[in-house]
Amino acid sequence: METICWKVDEDEQLQNHPYIIEAAKYLSHGKTVAFPTETVYGLGADATDEQAVQAIFDAKGRPADNPLIVHVGSRDVVEQYVTHISAKAQQLIDAFWPGALTIIFPSKGGLASNVTAGLTTVGVRMPDHPVALALLQEAAIPIAAPSANSSGKPSPTSHEHVLQDLNSKIYGVVDGGQTGVGVESTVIDCTLDVPMILRPGGVTQREIEAVIGDVDLAPSLVKGDDAPRSPGMKYKHYAPDCPIWVVSGNSYHMREVIEQQQSEGKRVGLMISDERAEELDLATDLSLGSRDNLTEVTRRLYHTLRKVDTLQYDVVLAESFSKAEIGEALMNRLEKAATKII
């Protein structure tokens with residue numbers, strides 16, 4: 001089965017759009033459909049249908065103990081599936097929904113058990129993308145939607161990326177163009193007395209704390225064999241087949257690493273900023289843009305990681321960036337893609 005592709009321009013009139021109606025119909029009938037959000041493309045299925053959700057795991061090759069985020073098109077839907085919305089959770093909803101923030105609530109039940117991976121909590125978000133919202137509202141059901149890629153590979157920021165991994169494995173993909181943020185949503189657990197950020201993403205810690213005060217950070221995004229409370233906490237992610245080494249420090253240090261690898265006969269690629277390329281006086285076909293604009297670097301990360309495997313490098317050396325603001329999410333994804341940090 002070849003995957004259907006529906007081209008929808010976010011500037012079109014989306015209410016009653018024939019492609020939105022058709023894609024929503026297939027979602028409501030238990031099919032898997034990928035769609036754009038403001039972060040990355042998600043692979044959606046009816047979150048109340050265990051067989052439909054299992055099709056997500058099968059298509060992605062995703063471990064069954066990795067919970068899924070539920071996407072909703074209306075705040076009212078949340079109350080049907082959670083037992084309690086705390087005051088701080090409500091403040092976050094008011095401030096950041098629709099947006100790149102997933103909130104973990106105590107689950108009321110009613111969702112497929114494989115959505116929550118057996119946990120008593122569920123992560124929910126309302127995406128800030130007109131195509132996603134139109135699709136969710138037309139389907140009128142909660143949609144489980146992890147990133148629409150093969151498990152462990154870089155997340156997709158275009159429908160072409162989705163098809164690279166999942167063509168013929170899913171029913172359809174709504175092509176809504178390039179995504180904006182470029183990394184997944186921030187995940188915050190609001191079932192705790194002090195809310196805890198489990199995954200950095202499109203909403204920064206500072207933005208969250210400006211709304212609800214101090215929050216905790218998960219001490220580690222990987223904790224042995226503990227059950228992950230959020231996607232991205234346990235397994236290696238975002239990795240191309242070619243080894244990625246993250247090199248901290250200045251350009252002098254990176255040049256030493258380059259020369260050492262070249263002396264061993266390796267073809268070395270450079271995933272670096274424009275400024276680092278200038279300092280090294282070296283060209284790169286894996287530019288991440290200016291280090292002074294980490295929002296743009298973050299937006300370009302997954303596209304660049306996917307480009308790595310189209311080139312013939314033995315190893316790619318990646319620049320390490322500041323972890324301030326969106327840089328926390330950027331470096332979280334880059335370090336998870338890396339086979340070595342130098």
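**Entry 1: Lys153 and its partner**

I started with Lys153, which counts as partly exposed because its relative accessibility is 26%. My cut-offs are under 20% relative accessible area for buried, over 50% for exposed, and partly exposed in between, with a 1.4 Å probe and protein chains only. The areas come from the Shrake-Rupley method with that 1.4 Å probe, and for residues only the protein chains shown count as cover.

I note that this is a predicted model, so local features need pLDDT of at least 70 and side-chain atom pairs count only at pLDDT 80 or more, while totals for chains, interfaces and linings use all residues. Residues are numbered from 1 along each chain as its sequence is written, and side-chain values use heavy atoms, with hydrogens and water left out.

Which residue does Lys153 meet in a salt bridge? I found Asp241, at 2.4 Å from N to O. The two sit in distant parts of the chain, 88 residues apart. Lys153 is in the loop between strand 7 and helix 7 (159-166), and Asp241 is in the loop between strand 11 (216-217) and strand 12 (244-247). I take helices (H or I, at least four residues) and strands (E, at least two) as DSSP runs, numbered from the N terminus. Asp241 is exposed, at 61% relative accessibility.

**Entry 2: more salt bridges**

I fixed the rule: a side-chain nitrogen of Lys or Arg within 4 Å of a carboxyl oxygen of Asp or Glu. Side chains of opposite charge can pair when their charged atoms come close. The rule gives 14 salt bridges.

I then looked up Glu319, whose side chain meets that of Arg291 at 3.2 Å, N to O. Glu319 lies in strand 14 and Arg291 in the loop between helix 10 (274-280) and helix 11 (294-308), so this pair ties together parts 28 residues apart in sequence. Is Glu319 buried or exposed? Glu319 is buried, because its relative accessibility is 2%. Arg291 is partly exposed, at 27%. Both belong to a salt-bridge network that also links Arg276 and Glu279.

Next I checked a pair within one helix. Arg299 and Glu296 form a salt bridge, with their closest N and O atoms 2.5 Å apart. They are separated by about one helical turn, because they stand 3 residues apart in helix 11. Arg299 has a relative accessible area of 31% and is partly exposed. Glu296 is also partly exposed, with a value of 25%.

**Entry 3: a charged patch**

I looked for surface patches. For these I take residues with over 30% relative accessible area and no salt bridge; like charges are joined within 9 Å, and nonpolar side chains (Val, Leu, Ile, Met, Phe, Trp, Tyr) within 5 Å. Lys and Arg count as positive, Asp and Glu as negative, and His and the chain ends are not counted. Each charge is placed at NZ of Lys, CZ of Arg, CG of Asp or CD of Glu.

Asp9, Glu10, Asp11 and Glu12 form a negative patch. I placed Glu10 in the loop between strand 1 (4-7) and helix 1 (18-28). Glu10 is partly exposed, at 36% relative accessibility.

**Entry 4: backbone oddities**

Most residues other than glycine have a negative phi, and most peptide bonds are trans. I listed some exceptions. Where is the cis peptide bond? I found it joining Trp97 and Pro98, with omega about -5 degrees. Pro98 is in the loop between helix 4 (87-96) and strand 5 (101-106).

Ala140 is not a glycine, yet its phi is positive, at about 60 degrees. Ala140 lies in the loop between helix 6 (130-139) and strand 7 (143-144). Ala140 is exposed, with 62% relative accessible area.

Glu325 has a positive phi too, near 55 degrees. Glu325 is in the loop between strand 14 (315-319) and helix 12 (327-337). At 35% relative accessibility, I count Glu325 as partly exposed.

**Entry 5: cysteines**

How many disulfides does the whole structure hold? My search found 0, the test being a pair of cysteine sulfur atoms within 2.5 Å. I checked two cysteines for cover: Cys5 is partly exposed at 37%, whereas Cys190 is buried at 9%.

**Entry 6: two spacings**

I looked up Val53, in helix 2 (residues 50-60). Val53 is buried, with a relative accessible area of 0%. Val53 and Val115 are 62 residues apart in sequence, and their C-alpha atoms are 7.0 Å apart.

Last, I took Ser322, in the loop between strand 14 and helix 12. Ser322 is partly exposed, at 43%. From Ser322 to Val181 I have 17 Å between C-alpha atoms, with their positions 141 residues apart along the chain.
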